[in-house]
Amino acid sequence: MSIEVKDVMGRVAIAVLANASFADVVAAMKRFAVGAVTVVDTDRRPIGVVSEDDLLLKEIDTVRHSVSLFESRKQRREHEKAAAVTASQLMTSPAITVTPGTSVRDAARLMHTQRIKQLPVIDPVTGKVIGTLHQRDVLRVFTRPAGELEADIRALLPQPGPFTVEIDAGMVKLGGQVRRRSQAIALVEAVRNVEGVVDVVGELAAEDDDLIVVPPLM
């Protein structure tokens, strides 16, 4: 069973309007104890995100304008953010979002590749923000009840068995017998991809080793 964003997301949409002041953005982050807030338009559709890194530029970049014709686009944008006084000037745009139906695995991959700690969750029809997905929400999949985890694992195993499934703090020990060694490898990888599994120790016996490479006759 694939776990989706709607199963773990926070139902509070942590957002500010585009015209929110610097102080308003700081206050929102402090109130909800988050490292970023979504910037929305008047229809509550995300248009960008302001992070703590964006706010820190006000402190570390004391030059409020471009000082060189040879500076990079990134440096120029940092100068602009350091001089910013509203959310629309501070934000990074466009906002990276997910929907309630996005798999938690895909959301985690997005967080990792984009180096972000939270994602606005939007309604797939209206585009309006309806919640927030934090890194801690994603990590909740690793606290799934062992019985629930075992049910998902056994659903992947061919029948009839018997197979043994032992679970300890997300670590899975998989035992039993299959016909081919390639099948054993595929089963271990399938179990490893189940949400909530930390790692798998495969103790599957195979009747035939179909991975043996026979050297050609000379």
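**Exercise 1.** Which residue in E2 is the bridge partner of Ala15?

*Solution.* The model examined here is a predicted one. Within it, Ala15 is bridged to Thr38 of E2. This pairing belongs to the contact between E1 and strand E2 (residues 36-40), where the two strands run parallel and are joined by three bridges.

**Exercise 2.** Determine the order of the strands in the sheet, and explain which of them stand at the edges.

*Solution.* The order is E1-E2-E3, in an open sheet of three strands with mixed pairing. Strand E1 (15-17) and strand E3 (46-51) each have a single partner strand, so each is left without a neighbour on one side and stands at an edge. On average, neighbouring strands are turned by 35 degrees against each other, direction ignored. Helix H2 (residues 22-32) packs on this sheet and touches E1, E2 and E3. The direction of H2 makes about 130 degrees with that of E2.

**Exercise 3.** Describe the largest pocket and its lining.

*Solution.* The space in this pocket is about 800 Å³. Its lining comprises 24 residues, of which Ser51, Asp53, Asp54, Arg115 and Ile116 are the closest to the centre. Two or more lining residues come from each of E3, helix H3 (52-60), helix H4 (73-82) and strand E4 (118-122). H3 contributes the most, five residues. By class, ten lining residues are nonpolar, five polar and nine charged.

**Exercise 4.** Why does the second largest pocket lie between domain 1 and domain 2?

*Solution.* The volume of this pocket is about 160 Å³. Residues lining the pocket include Val104, Phe142 and Val197. Helix H6 (residues 104-114) supplies the largest share, three residues. Because domain 1 (5-141) and domain 2 (146-208) both give residues to the lining, the pocket lies between them.

Definitions and conventions:
Residues numbered from 1 in each chain as written. Predicted model: local features only at pLDDT ≥ 70, side-chain atom pairs only at ≥ 80, totals over all residues. Heavy atoms only, no water. Pairing = 2+ DSSP bridges. Helix = DSSP H or I, 4+ residues; strand = E, 2+ residues; numbered from the N terminus. Axes fitted to C-alpha atoms, helices over the stretch in contact; angles between N-to-C directions. Contact = heavy atoms within 4.5 Å. 1 Å grid on protein atoms, 1.4 Å probe; cavity = no way out; pocket = protein on both sides within 12 Å on 5 of 7 lines; lining within 4 Å. Points joined across faces, edges and corners; volume = space filled by probe spheres on them. Nonpolar A, V, L, I, M, F, W, Y, C, P; charged D, E, K, R; others polar. Domains from an automatic or database assignment.
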